[in-house]
Structure formats: structure tokens, C-alpha cells
Amino acid sequence: MPAVCVFFTLLQKFRMAEIFASFGLALRLILEADREFVRIVALSMGVSLSSAALSCAIGLPIGATIAVTSFPGRHAAIVVMNALLGLPSVVVGLVVYLLLSRAGPLGSWGILFTPRAIVIAQTLLVIPMVCALTRQTIEDAWREYREQLTSLNVGPVRAVATLLWDTRLSLFTVALAGLGRAFSEVGAVMIVGGNIDGVTRVMTTAIALKTAEGELPLALALGIVLLAIVLALNSGAHVLREWSVKRYG
Amino acid sequence: MASVHQRDVLPLEVRDLGVQLGERRILSGVSFRLDAGKRTVILGPNGAGKTSLLRALHGLIPSTGSITWAGGERQRGAEAMMFQHPVMLRRGALANVEYALAVNGVEGAERRHRARAALEEAGLSELALQPARSLSGGERQRLALARAWALRPRILYLDEPTASLDPGASATVEREIGRIHDAGTRIVMTTHRLGLARRVADEILFLDDGRLVEQTPADRFFEAPGSEQARHYLDGELP
Amino acid sequence: MKSTTSLVKRARAAFGAALLVAAPLALANDFITVASTTSTEQSGLFKHLLPAFTKDTGIDVHVVAVGTGQALDMGRRCDADVEFVHDKAAEEKFLGEGWGVKRNDVMYNDFVLVGPKSDPAKVKGLGIDAALKKIAEAKPAFVSRADKSGTWAAEVRAWKHAGIDIEKTKGPWYKESGSGMGPALNTASGMNAYLLADRGTWLSFKNRGELEILVEGDPELFNQYGVMLVNPAKCPHVKKELGQKFVDWVLSAKGQETIKSYQIEGKQLFFPNAKAGS
């Protein structure tokens, strides 16, 4: 009984009642699944999964190749790649905006303020992360595999492919990190997407808008839903990983 | 067992071979000749450079001096090596052997057939679908040997092939090496197990402190080695 | 080289899948891009107005809501078809530079000075000039949009009209937030500061804290909205027919009526005032 009293006093003291209300609101959002909400969630998932997939398709081979081969300027390439990890997302958003604007060089594509622009901006942000993490993973693996693979006459291209597949569990984690990064992006998405209702409004920009409108419980509820989705994706990934370890050692 | 023609790549002539690792000189002035048909065992105390010699011969590390195979260049795919700690890919045992074959241009049904045959000869057929990395030490060594043999190399290098094996597994590997020799592959092996060396070797290359001290037929080496260092070595070690 | 080919195949498949996912998210209907302000979006007007337009014409409206300054810049970059903003001086400059076709009054509302209930500067009930003079003296916390928006332009005009050189007078009490109406209101609410806001956003703002309206009704606080088509002569990709339909609709009796009918808590937010025959 006293514990419950303390609990409720704490609730009031730290205005935790609001936070609990948001959990309730989050649940209601999910259960009611009104059109606007579903559209926002679906769009978030669509653009983030697309960006993550594209970033991996591009970043995994690049990171692995840099890890395995030696070429003039390799050190410079690694330094630049690591530096790009700290690329501010608003800068990327601004640059992509200037590129895709009608007044810009790629204006004729006409994709500013569309989901494709968001995918491009997010992909540019996630690629350095995937590259750098892949390079590290593959470099460590290469140290272990190099002599054996050389002995078997494996050439550099095939070595890259083999290492990418053999370190797939670690790379999967890299992919998840990239996905998380994509999901959480707001600044660049706001600039190149325009946060257009029903077209380019994703969860993060919706949260920003609701916060701006002073609808804090709803913003928090959306945030909770976003976290829940990310948690669900990671749990699924974890299960997949465990199964893979059992199967392949 | 299919036969293998080692005469395309032998005799193996090594002239003034040197290996430098940073500041340290690992090998210097090593010259010898390996003729066809013999089993060569490289002996020497720890740090003598046995493994480095093997790696230099196989082309894994850079070296000075010259190496020729039957007077010519190294032929890719003519050699294979069984490492002391073999690296397996994260896939099944059979898949690992298939991988080696695929890399060396063997495709389709022939690849599958040869991989299965390799496992069968090594007595590992039941483990075909097991993840290779989950095999025991002995099984993994035998798998590495099966993988190397599947490529039908003309020269097979083995680095301490029984170092981490129990007597049972050791005996199996030893028998397998014998079969590979009989099939016509040139065996070049390092070991610190003198008993194994006695049983397997036709000739001994004795290294000490980065130099080749002597190259002697095996029975003569173990009875009466030519060099001071070899005598010390044989006295100090247990067979 | 089998596994290299399969890697390339896998990469291509992933790329294709990614585009495929993004593609249906591309748009099916006819649509126009309207550059507008945070006050029109965050007050909820567009959620009320645009579905009616789409129902009548079948044209979707994509609203990019940024400050007036940025909205007009969007027009200059040809990234918008229609401008719907509230800074007459800036709009006429835009028009003068040849970027717009014709400027039309569409609706008005007013600005209100909000501030903490405690009203340290004692401005409640005064006219805006008097209130600003008192604030410049008392120097209580004051949040400014400072983002080239219509509201910010109005604030600057108000200071000037009250005879105050805000560039000289400003100090740590004057918080230039550089943000939209909503975030500025959040900031003001969080620090119990004064703020000039448009009534529409204020009425729909839910995080008021201690803030309330202290000054209103002064003719100075009149806030006129204008709509104009971006000039297709300068921007060949402008959807001029669809854009013009929007401008016409918003100025039409139906559009004006729809604007009038938007209410929050029984209060009308925007007052249509399109000139007849415009």
C-alpha cells in the first residue's frame, strides 16, 4: 500500500502521469490505426528500409574492398570515410535540396518533396556508417582469412564476396545500425521532403510537427510507436541471428 | 586414389632464399633442391623458421632469392597447404570443400562429386552438413586435409599437421598423408614430432636460426646427423 | 566467379527492391505544390480547407510549410507552384522581381501579444504601441520568431511603429528563436515570455502553460494573407493550369466560405477578404 502511494506521488511530482497517458495514447493509435497514422508509419518504414537496403548495397562492397585491397590513397580514403561519419544531417539535407531543386542541376528529375528525395538523403547519410563499420569488420576478418584464402587461390574480388558472406552476422548488425540511423533522421528529411501531409510526412517529422504545435502527448505517443517499431525490428533480427549461429556456427 | 603428376613442377630449386619481417631476419641464404617422389620433412628448434620457409615456398609471404619449379614460374593451383590452424568458412563441411573446388574452376556435378569423394576418403561423410566451425580440432584438421587434397595439388605443404591432435586423430592424418604421397603428390611437411618425422620422411631439411644446416636422407639423419646443431636437437627432444 | 556474380545479383535485387518500395510512394493524382507558412499549417486551416478543394477539383495539394521568407525563396527556385503567405511587402517585392503572376488578398486574421498571466511589464489591455514601449523599458523575456517569416516581419514593423529601434534595444531578454510559430510558442511557454503570435496558431496551440492573450484588437495587428501563382514565364515547370485553379478556387465564394467556416472552440480563425472580381 505505501509503495503504491509513493508511486503515485512520484507520478504527480515528475508529471509522469503525462508520460503514462502517452503510453495509453500510443496503444490507442496502434489499435485504432486511422488512415493518417497508418500512412505515416508505412511511409517511415518504406523510406527507411529502402535507404538501409541501398546503403548496404553500396556501402558493403566499398567498405570490404577498401579493407582487402591496397591502392594508392588508401589511407586518405579511410580518413575521409571515417570523417564522413560525423557529417551533419542538415548539411546533407541542404546539399540534396540544392541538387534536386528545380533551380539546381538535378531539377529536371522533379523529385524534390517526394519520398524518393528522402531515400536519397537518408542513403547518403547512412552509407559512410555502413562503409566504415564494414571496413572494420572485414579488415578484422581478413587478418584471419588472408593466408588460407590466398593458399586456395582466391582472387581479390572473390575474397571480398566470401568475406562479406562469412561475416554476415556482424554485417547484419551493421545493417541494423544503418536502419536505425535512417529511422531516426529528421533534419534532412524535413528539408528535402517538406513534411507534406500525406506525401512526405514520416514518423520523425510528424513528431517534430506535433511538438511544434504544442501537442506534446501525441508527439510522445508517436515517439513511443517509433521506438516500438525499432524494437520489434531489432528483436526479429536477433531471432534471425540466433538461428543463423545455430545453423552455421 | 587418382594419381597426380608432380614432375610438371619438380624439381623445386630454391636459391639463396631470404625472409625479412620488419627488423628481424627470419631466413637467410637458404638453398636446396627438392626432387620428385620423396617426402620431405622440415625439422628444427622453435623459431628456426620452419613455418616461414613453408609460407615462403607457397608464396604467402614475400622473400628474396629465387624459387623455380621445374625451371619455370609458380603455377597457380599446383600447390595446396594445410595450415596448423586451418580456417574454415561459416558453412558446412562439404560446402567448404566445394568452395575450394569452385575457386579453382571446378563446376557443377564434377565439383559435388569430387567434394563428396574427398570427404569419404577422409572418413568425414557423416559430417558433410555440419557447420565446419563446430567440428572438433581433429575433425577440422582432417577436413582441411581433405579440402587441400580435393584440389589434387602437385605439391602439398603441411604445417604441423598433428600438433593439436590426439593419438587417434594423429594416426588417421598420418595414414592420409601416406595415401596422398602414394597418389603422387609431393609432400613437404614441418613437424616437431620426431616419431612422425621418422615414419614419414624420406629426407630431412634441418633448419636452425634461419639457416639451412643440412639436407639429409632420413634414415641417415636420425642415425648420425651431419651437423652439431642437429645432434643437439635430436638429443634434447623426446621422440 | 560464381559467388561474385551472385553478389552482384543480390545487390541489383536489393537496389531494385528499394526503388520499388519507394516508387509506389510516388504520387498518382494530379497535384500542385503550395509554399505556405507555418501559421497556416499549424493552425489546422489546411486540414480543413484542402480536402474541400480536392473534392471539388480532384487536384491534390502538397503543402510545404516554412516561414514566409523561405516560402518565397522556394518560389524563386521554382520549387513551388503557388505561394500562400502573409507578408505583403515581401510578396510585392516577389511580384516586382517577376516571380509571381498576380497577388490577391485572400484572408486575414490578426496577431495577438501573448505573455505570462503575471504580466511583469504590465501591458494587459494596452494598444500594441504602448505595450511594446513598456516591454522595451521593462525588458522581460520576449521571444521573437527571427526567421524572416510573415509574423516576424509584422513584429519588426510593430517595433518600428512604436518608435523603438529593436536592433539597439535588444539584449539577453530578447530571444531570437529562429523557429516556426509552434516552436516559438513552446519556447515562450517554457520561459514565461512575451510573444507576438498569429491568432490562428494560438487558438490551436495546446501547450500554453501560463501564457494568455494580453494585447489584441489593435488595427496595427492586422495580418493579411495573400495568394499568388508562381510565374510560369520564369519557371517553366510550374503547373500553371492546376495552380490557377487553386488560386481561383480559394478566391471563389466556395473557397472563401470554407475559410470562414474553420473554427476552433467556436471561434473563427481566418476572415476571408478576397476582393470581388479578383
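**Figure 1. The buried residues of helix H5 in chain A.** In this predicted model, the buried residues of H5(A) are A:Ser89, A:Val92, A:Gly93, A:Val96, A:Tyr97 and A:Leu100. Look down the helix axis and those buried residues fall within an arc of 135°, so they line one face of H5(A). Part of what covers them comes from H6 and from helix H9 (187-193) of chain A. The helix runs over residues 89-100, and its length checks out: 12 residues at 1.5 Å each should span 16 Å, and the end C-alpha atoms are indeed 16 Å apart.

**Figure 2. A:Ala121 and its partners from elsewhere in the chain.** Which residues does A:Ala121 touch once its neighbours within four places in sequence are set aside? The list is A:Val92, A:Gly93, A:Val96, A:Ala188, A:Val189 and A:Val192. A:Val92, A:Gly93 and A:Val96 also turn up among the buried residues of H5(A).

**Figure 3. The largest nonpolar core.** This core has 189 residues, and the ones with the most contacts inside it are A:Val96, A:Ala121, A:Val192, B:Ala146 and C:Val82. Which helix of chain A gives the most to this core? That's helix H6 (residues 115-151), which puts in 18 residues. Apart from this core there's another one, with 32 residues, including C:Leu132, C:Ala136, C:Ala197 and C:Val215.

**Figure 4. Where chain B meets chain A.** Here 19 residues of chain B are in contact with 15 residues of chain A. On the chain B side, the elements giving two or more residues are strand E5 (79-82) and helix H2 (93-103). What's the make-up of that side of chain B, in nonpolar, polar and charged residues? It divides into 11 nonpolar, four polar and four charged.

**Figure 5. A:Ala228 and A:Ala26.** A:Ala228 sits in helix H11 (residues 216-248) of chain A. Is A:Ala228 buried, exposed or partly exposed? It counts as partly exposed, because 13 other C-beta atoms lie within 10 Å, while a buried residue would need 20 or more and an exposed one would have 12 or fewer. A:Ala26 is 202 residues away from A:Ala228 along the chain, yet the C-alpha atoms of the two are separated by 9.7 Å.

**Figure 6. Chain A as a backdrop for the close-ups.** Chain A has 11 helices and zero strands, so to speak a plain run of α from start to finish in the pattern α-α-α-α-α-α-α-α-α-α-α. Its C-alpha atoms fill a box of roughly 70 × 60 × 30 Å along the principal axes. Of the 249 residues in chain A, 46% are buried. Take the contacts in chain A between residues at least 6 apart in sequence, and 78% of them join residues at least 24 apart.

**Figure 7. Chain B and its mix of elements.** Chain B is built with eight helices and nine strands. Its radius of gyration is 18 Å, close to the 18 Å the globule rule gives for 239 residues, so chain B is as compact as a globular protein of that length. The C-alpha trace of chain B spans about 50 × 40 × 35 Å along its principal axes. Buried residues account for 45% of the 239 in chain B. Among chain B contacts between residues at least 6 apart in sequence, 69% link residues at least 24 apart.

How values were computed:
Residues are numbered from 1 along each chain as its sequence is written. Chains are lettered from A and ligands numbered from 1 in the order in which they are written. This is a predicted model: local features need pLDDT of at least 70, side-chain atom pairs count only at pLDDT 80 or more; totals for chains, interfaces and linings use all residues. Helices (H or I, at least four residues) and strands (E, at least two) are DSSP runs, numbered from the N terminus. Two residues are in contact if their C-beta atoms, placed from the backbone, lie within 7 Å. Ala, Val, Leu, Ile, Met, Phe, Trp, Tyr, Cys and Pro count as nonpolar, Asp, Glu, Lys and Arg as charged, and the others, Gly among them, as polar. A nonpolar core is a set of buried Ala, Val, Leu, Ile, Met, Phe, Trp, Tyr and Cys residues joined through C-beta atoms within 7 Å. The radius of gyration is taken over C-alpha atoms; the globule rule is 2.2 Å times the number of residues to the power 0.38. The expected span of a helix is 1.5 Å times one less than its number of residues. The arc is that of the directions from the helix axis to the C-beta atoms.
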